[in-house]
Amino acid sequence: MDDSSKVQLARFEAVFEQYLDVYMKGRNLKKLDEMVSENFSGFGTGMDENFYSKARGMEIFQRDIQSAPNELRHNIHRHEIKLMDQSNAISTTELDLKTTIADQEIKLNNLRLLLLMHEEAGIIKITGMHISFPTEVHDEGESYPLKELEERNKVLKRMVDEKTKKQQEIIYQLQEAKDALREKTRFLNNIIDTTSDLVAVTDMEGNYKFIGPSHSILGYDPDLLVGRNVMEFVHPDDYQETATAFAEFLANREDGQKVEYRYRRADGGYLWFETVGKFILDDAGNPKEILFSSRDFTARKQAEAKILYLQKSESLGRMSGAVAHHFNNQLSVVMGNLEMVLDDLPGDTKNRKSLLQAMKAAQKATDVSRQILNYLGPISGTHTSVNLSDVCRKSLSLLQSAAPKNMTVNVEFPDPGPFILADAGQIQQVLTNLFTNAQESISDNQGSIDLCINTVSHKDIPPSNRFPLDWQPQDIPYACLEISDTGCGMSKEDIVKIFDPFFSTKFTGRGMGLSVIIGILKTHGGCITVDSEAGRGSVFRVYLPVSAEKKR
C-alpha cells in the first residue's frame with residue numbers, strides 16, 4: 001500500500017472511531033446527522049426493516065436512542081477497513097454491546113456492524129449502515145442462531161454489492177463528466193490564448209471576474225484587475241456615452257451591441273477599443289454574468305485621423321495658396337503706387353511719413369503672404385553641402401544674446417558636425433523659430449534650453465507625433481537637431497495642431513513661426529518630432545538627410 005492510501009485509510013478509520021463515540025457513547029443524534037450522507041441507506045434494527053433514505057434512517061436512529069438513551073458499551077472482537085478506491089471504504093466489525101434500560105442490563109452478543117463510507121467534496125460521510133443481531137435479548141453465554149445469521153449475512157452482502165455497484169457507476173459517470181469538462185476547458189483556454197481580442201467576464205455591475213491573457217497589452221497584472229469595475233478605465237471624454245450604452249445593454253438584454261471608447265493603459269496612455277457584450281445565463285435562463293470581447297483598433301483610428309488631417313491640410317493649402325497669390329498681386333499694385341507717389345513727393349512733405357508707414361505695413365503683409373507660401377512648400381533656395389553644427393553656431397550667438405539673463409542655454413554641437421544638403425539660411429530660420437518657441441514657453445524667463453546635434457539611424461526616428469504626417473524615412477542616416485526646454489509643455493491634443501498656421505497655446509493668432517518649419521522641411525526631405533507633456537516641457541527633434549559629400 002502506498003503512502004497516499006495509508007493516509008486515506010487513516011482518515012476512514014478516524015470517521016469510524018468518531019461514529020463509535022457519537023452514536024454508541026454520546027448517543028448524539030445531531031452530530032450523527034452531520035456524519036451521515038444524503039444518500040444514506042441500510043438495514044433497520046433487528047433486520048426487520050430496510051430504509052433507502054437519510055430521513056428514514058434518522059427516524060430509526062432517533063427511535064433507537066429514545067428506547068435506549070444510555071451509553072452502549074461495546075467490546076470489539078474483530079475490526080477491518082478496506083479501501084475500495086481513494087474515495088470509498090468498507091468497515092466490517094464484530095462486537096458485543098451492553099447497555100442499561102430501566103435498571104436492567106441488556107446484552108447483545110456477536111453483532112456484525114458494516115459501514116459504507118464515501119468522501120464527498122473533501123469530507124468523509126457514512127453512506128450505508130448494515131447491522132445484524134438477534135431480535136430477542138439473550139442471557140450471557142447464549143448465541144445467535146447460526147442459520148438465520150447466515151441468511152441475513154447473504155442479504156447484507158447482496159445489499160452491499162448493489163450499493164457498491166451503484167456507487168461505482170456514479171463514480172464512473174462523475175469521472176466521465178470531469179474529463180469532458182477538463183477537455184472543454186482546455187479547448188476554450190486555447191481559443192482565448194490564441195485570439196488577439198481581449199476577452200473578459202464581469203458580473204452584472206461590470207466588475208471583473210476573469211481576465212484573458214490578451215489584456216497584457218494594457219500593462220496591468222490580470223489578478224489585480226479582478227474585482228475592479230470596467231468603467232474605472234474609460235477615458236473621461238468617453239465615460240458618459242459608454243455608461244449610457246452599458247445601461248441600455250442591461251435594460252434591453254440584447255447581445256451584440258458595439259460600443260467604441262478609449263481604455264486607459266497602465267502607463268497612463270489610452271487605446272481605442274471596440275467592445276461587444278454577451279450575457280451568460282444561469283440554469284433558469286436569467287443573465288448572471290457578462291462576457292465581453294474587445295478589439296484594439298487604435299491603429300485604424302489613428303490612420304483615419306491622419307487621413308482626415310491630410311485632407312484638411314490639402315484643402316487648407318489650396319485655399320491658402322490661392323489667397324496668398326491673390327494677396328501678393330494686390331499688394332504689388334498697392335506698393336507700386338505708393339513708390340510712385342513717394343518719388344513724386346518732396347522729401348519734406350508732411351504726407352511722406354504716412355506714406356512710408358503704409359509702405360512698411362504693405363511689406364509686412366507681403367512677408368505674411370510669403371510665409372503662407374513657405375508653409376505650403378516647396379520653398380525656393382540654393383542647397384549646398386553644409387556643416388549643420390557650423391550653420392547653427394552662426395545663429396546661436398544672436399539667439400543667446402537675446403535670451404533673458406535668468407534663462408540658461410546649454411549647447412552640445414559636435415565638431416565637425418554632420419553634413420547636410422541644405423539652404424543654410426532656411427536651416428537657421430528653423431533653429432530661430434524653435435528657439436523662440438522654447439523661450440516663450442518658459443514662464444518668468446526662469447528655466448533652461450538645451451540644444452544638441454547628433455547622427456541617428458532611420459530606425460531611430462519615432463513614428464508618433466511626426467510631421468509632416470505623410471513623411472517616411474529612407475534607409476539612410478539622418479542628422480538630428482534637438483531643442484528641449486523646461487517650459488509649460490503642451491497636451492496631446494495641442495501637439496496635433498502645433499504646426500497649423502497661426503495656432504498658439506499662448507497668444508491667439510501669433511503667427512506662422514512653427515508652421516513655416518514644415519514647409520522648409522518638405523523642401524529638405526526632412527521631418528520634425530514632438531515629445532511633450534503639459535507642465536513638463538517639450539522636446540523638438542529635426543531630422544535631415546545626411547549628405548554623402550562634404551564641403552571643401
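## Exercises on a predicted model

Met24 lies in helix α1 (residues 3-25). The structure is a predicted model, and the exercises below begin with this residue.

**Exercise 1.** Determine whether Met24 is buried or exposed, and identify which residues surround Met24.

*Solution.* Step one is the accessible area: the relative value for Met24 is 2%. Step two is the cut-off: buried means under 20%. Met24 is therefore buried. Step three is the list of contacts. Neighbours within four places in sequence being left aside, Met24 is in contact with Tyr19, Glu71, Leu72, His74, Leu95, Leu97 and Leu113. A further distance can be added: Thr99 is 75 residues from Met24 in sequence, and their C-alpha atoms are 9.8 Å apart in space.

**Exercise 2.** Carry out the corresponding analysis for Thr127, stating in which strand Thr127 is found and whether Thr127 is buried or exposed.

*Solution.* The strand is β6, residues 123-132. With a relative accessible area of 2%, Thr127 is buried. Residues up to four places away in sequence are not counted in the next step; beyond them, Thr127 touches Ser37, Asn39, Phe40, Ser41, Leu116, Met117, His118, Glu120, Lys163 and Gln167.

**Exercise 3.** Check the length of helix α6 (residues 236-252) against the expected span, and state which strands its buried residues pack against.

*Solution.* The helix has 17 residues, and at 1.5 Å a residue the expected span is 24 Å. The end C-alpha atoms of α6 are 25 Å apart, which agrees. The buried residues of α6 are Asp238, Thr242, Phe246, Phe249 and Leu250. They pack against β9 (258-264), β10 (270-281) and β11 (287-296). After α6 comes Arg253, with a positive phi near 55 degrees.

**Exercise 4.** Establish the strand order of the open sheet of six strands, and explain why β13 and β16 each have one side without a neighbour in the sheet.

*Solution.* The order is β13-β15-β17-β19-β18-β16, and the pairing is mixed. β13 (407-412) and β16 (466-467) stand at the edges with a single partner strand each, so one side of each has no neighbour in the sheet.

The pairs may then be taken in turn. β13 and β15 are parallel, paired over six bridges, and Asn410 stands opposite Asp450 in β15. β15 and β17 run antiparallel and are joined by eight bridges; here Ile453 stands opposite Leu481 in β17. At the other edge, β16 pairs with β18 (residues 527-532) in the antiparallel sense over two bridges, with Ile528 in β18 as the bridge partner of Phe467.

A last step concerns burial in β15. Seven of its ten residues are buried, so β15 is largely enclosed by the rest of the structure.

**Exercise 5.** Describe how helix α10 is placed on the sheet, and which residues have the most contacts inside the largest nonpolar core.

*Solution.* α10 touches β13, β15 (447-456), β17 (478-485), β18 and β19 (538-545), and its direction makes about 25 degrees with that of β17. For the 18 residues of α10 (residues 424-441), the expected span at 1.5 Å a residue is 26 Å; the end C-alpha atoms are 26 Å apart, which agrees. At the start of α10, a side-chain oxygen of Asp423 comes within 3.0 Å of the backbone nitrogen of Gly425. Among the buried residues of α10 are Ile427, Leu434 and Phe435.

The largest nonpolar core has 41 residues, and those with the most contacts inside it are Leu434, Leu481, Phe499 and Ile528. Another core, of 29 residues, lies apart from it and includes Val22, Tyr23, Ile124 and Ile126.

Definitions and conventions
Residues are numbered from 1 along each chain as its sequence is written. This is a predicted model: local features need pLDDT of at least 70, side-chain atom pairs count only at pLDDT 80 or more; totals for chains, interfaces and linings use all residues. Side-chain values use heavy atoms; hydrogens and water are left out. Helices (H or I, at least four residues) and strands (E, at least two) are DSSP runs, numbered from the N terminus. The expected span of a helix is 1.5 Å times one less than its number of residues. Buried means under 20% relative accessible area, exposed over 50%, partly exposed in between (1.4 Å probe, protein chains only). A polar contact is a pair of N or O atoms within 3.5 Å; within protein, one must be able to donate a hydrogen and the other to accept it, and residues adjacent in sequence count only if both atoms are side-chain atoms. A nonpolar core is a set of buried Ala, Val, Leu, Ile, Met, Phe, Trp, Tyr and Cys residues joined through side-chain atoms within 4.5 Å. Contact means heavy atoms within 4.5 Å. Two strands pair if DSSP finds at least two bridges between them. Axes are lines fitted to C-alpha atoms, for helices over the stretch in contact, and angles run from 0 to 180 degrees between N-to-C directions.
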